[in-house]
Amino acid sequence: MLAQFVAADTAPKILLLLALLVSIFGIGIVVFSRRNRAATKPRTSQRISQQASQVTRMTEDQSTSKSAINSTIEEDLSVRGRLSKARSTFAGAIATALTSSSITQQTWDDLEEALLRADVGVASTARVLAPLRELVKTKKITQPSDLMSALQNEMAAQLSQNSRELNFDSSLGTPNIWLVVGVNGAGKTTTIGKLSAQQHAIGRSVLLAAGDTFRAAAGEQLETWALRSGAEIVRGAEGGDPSSVIFDGVARATSRKIDLVLADTAGRLQNNTNLMEELAKVRRVADKGSGKVTEVLLVIDATTGQNGLTQAKQFSLATRVTGVVLTKLDGSAKGGIVFAIETELQIPIKLVGLGETIDDLIAFDAQEFVSALFM
Ligand SMILES: Nc1nc2c(ncn2[C@@H]2O[C@H](COP(=O)(O)OP(=O)(O)O)[C@@H](O)[C@H]2O)c(=O)[nH]1
Ligand SMILES: [Mg+2]
């Protein structure tokens, strides 16, 4: 009876309680899911703002690379621009040497060290400083600051007064031969490609002779340049005799009335024959055929510093070098090697390489070079 009463009395209560629980649960779910959504919202907006900042960064990147491209274009336009690295080392070191208030022994020591560091070389440094010491001794110069312009004048004066023209004899009736020599990696093949394009552009027909038979890749590299520059090419077998490739090249050029043969050579050999002996032979054989060697260009990598000078002496003895092509002056070269080559070897620098592309070979202008180094 009591149980019945209780049941009868509690049943609606329990039902009510259940209904209450269900609705609390329902509200709970709604609130929870809302909270969850609210919690994810900032994450989404964060993502958007992240994306936005990425976009900004990308535009920044693009504009940096754009300005990098712009500055390269600007630099490409001037020799000065591409010598900026050389200038910063050179002018920086010299300016530091000349900061004291009077000219003392320390000034000379600092100046000498700066020139040596800039690759000018021992002998050339002495030659450049001697007249300046005289100017100071006779009191024509008393201030360290005046030494700078005196130094610039002196360095310009030391550079060769010889002609820097490339020798081309149009009255020959047979091909002019330009031999290109130098150690591996100096930039011979690249220089030939650039030269070929330039000579082609001024109306001369050109044949490239792939005298670097040391590795197959050298011939292929030259073949690419021949295509690019509109030249013919004669190649030999890998490991073949370089002299005979050049001889064949000259013969082909003669029969096709081609004006100029640009002969590539090896900077290293596969056998024990001395490279210098081999190059001397190349030169003899080239002269023996129907053409005439009118130019022997020694290619020197400007970043090798004083080492380049030692190479130059050896090559010059073997092949009677008529001009130097100084490559990679756009890189980390310090520039002083120019003075060492010109004053110690008495061989004019005729061309300068300022990059890896076909247009990056220019005639060397001594005055322009010296002023680009100083300011
Ligand atoms: N930056 C720069 N690189 C150069 C210049 N000349 C040549 N090179 C690079 O130097 C490397 C060696 O050149 P290559 O012509 O094959 O030298 P080779 O072994 O003497 O024939 C190549 O990567 C060239 O692109 C130059 O004037 N400036
Ligand atoms: Mg080569």
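How do the residues of the shell around ligand 1 divide into nonpolar, polar and charged, and what are the counts of each? In this predicted model, the shell comprises three nonpolar, eleven polar and five charged residues. Altogether 19 residues surround the ligand, and the closest of them are Gly187, Lys188, Thr189, Thr190 and Gly353. Among the elements of secondary structure, helix H7, which spans residues 188-201, gives the most to this shell, with three residues.

Turning from the ligand to the fold as a whole, the protein chain contains 13 helices and eight strands, and buried residues make up 35% of its 375 residues. Of the contacts in the chain with a separation of 6 or more, 75% join residues that are 24 or more positions apart.

The largest nonpolar core has 81 residues, and those with the most contacts inside it are Leu179, Leu207, Leu208, Leu262 and Ala263. Strand E5, covering residues 292-301, supplies the largest share of this core, with six residues. The surroundings of Ala263 can be followed in detail: once its neighbours within four places in sequence are left aside, Ala263 is in contact with Ile177, Trp178, Leu179 and Val180, with Ala209 and Gly211, and also with Ile246, Gly249 and Ala286.

A last stop is Glu368, which lies in helix H13, residues 366-374. Glu368 counts as partly exposed because it has 15 C-beta neighbours inside 10 Å, a number between the 12 or fewer of an exposed residue and the 20 or more of a buried one. Although Glu368 and Val79 are 289 residues apart in sequence, their C-alpha atoms are 8.1 Å apart in space.

Conventions
Residues numbered from 1 in each chain as written. Chains lettered and ligands numbered in written order. Predicted model: local features only at pLDDT ≥ 70, side-chain atom pairs only at ≥ 80, totals over all residues. Near = placed C-beta within 6 Å. Helix = DSSP H or I, 4+ residues; strand = E, 2+ residues; numbered from the N terminus. Nonpolar A, V, L, I, M, F, W, Y, C, P; charged D, E, K, R; others polar. Core = buried A, V, L, I, M, F, W, Y, C linked by C-beta atoms within 7 Å. Contact = placed C-beta atoms within 7 Å.
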